[in-house]
Amino acid sequence: MAISTVAVIAALALTSCGDITSNSAGPAPSTVRRSIVDIVDSSTAVLGGQWVVYSGPSVEACGGVPDRARYVYIMDRVDRPGDDPTADLAAISALWKKKGIDVSDYESGGTDPLRGLRGVGGPTTSIGFDAFPDGYSITAVSDCADGNVNDLRRSE
């Protein structure tokens, strides 16, 4: 094989979603599933109130690679939060930062903006907290794990 061909193959391997062979050394699906459930559950516990599972934790393909999976978990608060979410935003921001998540605030435009937080890193690929007057929600996406999505769905 020519050196340039080897270099191209090596470059593609380094920039792919990861090792897609069954012998890869990535995290187990149960590990990333547990990490996403733990961060969402600890977030809802900090806020208090009544929460219900909107979706998940559900497995989905990660980056279009057949043997890579991630989990998505969404919870909604069913009781009405207070009118000023400032303290709740601060509590979630502090928790997430403690867990190694990089946190950023967001606010919609308009005279009565909607507020929330977005985070990346730590035990998640991404996590969001919507602190809307009509209700709160937390959405989290786990890191990618080794595992076939179809097999994981059948085992749930």
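## A walk through the model, starting at Arg68

Select Arg68 first: across from it, in strand E7, stands Asp146. Strands here, like helices, are DSSP runs numbered from the N terminus, with at least two residues for a strand (E) and at least four for a helix (H or I). The facing pair also forms a salt bridge, with the closest N and O atoms 2.7 Å apart. The rule for that label is a side-chain nitrogen of Lys or Arg within 4 Å of a carboxyl oxygen of Asp or Glu. This pair links distant parts of the chain, with Arg68 in strand E2 and Asp146 in strand E7 (residues 145–146), 78 residues apart. Both Arg68 and Asp146 are buried, where buried means under 20% relative accessible area, exposed means over 50%, and partly exposed is in between (1.4 Å probe, protein chains only).

Before moving on, some housekeeping. This is a predicted model, where local features need pLDDT of at least 70, side-chain atom pairs count only at pLDDT 80 or more, and totals for chains, interfaces and linings use all residues. Residues are numbered from 1 along each chain as its sequence is written, and side-chain values use heavy atoms, with hydrogens and water left out.

**Zoom out**

Colour by secondary structure and you should find four helices and seven strands. Along the sequence they come in the order α-α-β-β-α-β-β-β-β-β-α. Of the 156 residues, 35% are buried. About 8700 Å² of the protein is exposed, with carbon and sulfur atoms supplying 55% of that area; the areas come from the Shrake-Rupley method with a 1.4 Å probe, and for residues only the protein chains shown count as cover. Take the contacts (heavy atoms within 4.5 Å) between residues at least 6 apart in sequence: 58% of them join residues at least 24 apart.

**Strand E2 and its partners**

Now select E2 and show the backbone. Two strands pair if DSSP finds at least two bridges between them. E2 runs antiparallel to E1, joined by nine bridges. It also pairs with E6 in the antiparallel sense, over five bridges, and with E7 in that sense over two. For landmarks, pick Ser58, whose bridge partner in E2 is Val72, then Ile74, which stands opposite Thr139 in E6.

Next, go to the hairpin of E1 and E2. Two residues lie between the strands, and Gly63 takes a positive phi near 70°. Stay with E1 (residues 51–62) and click on Pro57, which lies in that strand. The peptide bond joining Gly56 and Pro57 is cis, with omega about 0°. As background, most residues other than glycine have a negative phi, and most peptide bonds are trans.

**More salt bridges**

How many salt bridges does the rule give? The count comes to seven. Another one to display is Glu60 with Arg70, whose closest N and O atoms are 2.7 Å apart. Glu60 sits in E1 and Arg70 in E2 (residues 65–77), so the pair ties together parts that are ten residues apart in sequence. Glu60 counts as partly exposed because its relative accessibility is 26%, and Arg70, at 25%, is partly exposed too.

Then select Arg80 and Asp134, a salt bridge with the closest N and O atoms 3.7 Å apart. Arg80 is in the loop between E2 and helix H3 (86–98) and Asp134 in the loop between E5 and strand E6 (135–141), so this one ties together parts that are 54 residues apart in sequence. Is this pair buried or exposed? Arg80 and Asp134 are both exposed.

**Around the E5–E6 loop**

Pro133 is in the loop between E5 and E6. Beyond its neighbours within four places in sequence, Pro133 is in contact with Arg80, Pro81 and Leu114. Step back to Asp130, in strand E5 (residues 124–132). Asp130 counts as buried because its relative accessibility is 15%. Its contacts, leaving aside neighbours within four places in sequence, include Tyr106, Arg115, Arg118 and Tyr136.

**Last stop: helix H2**

Select residues 29–47, which make up helix H2: 19 residues reaching 28 Å from first C-alpha to last, close to the expected 27 Å (1.5 Å times one less than the number of residues). Buried residues in H2 include Val32, Ile36, Val40 and Leu47. The buried set covers an arc of only 160° around the axis, which puts these residues on the same side of H2; the arc is that of the directions from the helix axis to the C-beta atoms. Over on the other side, Ser30 and Ala45 are exposed. Finish at Gly48, which follows H2 and has a positive phi near 70°.
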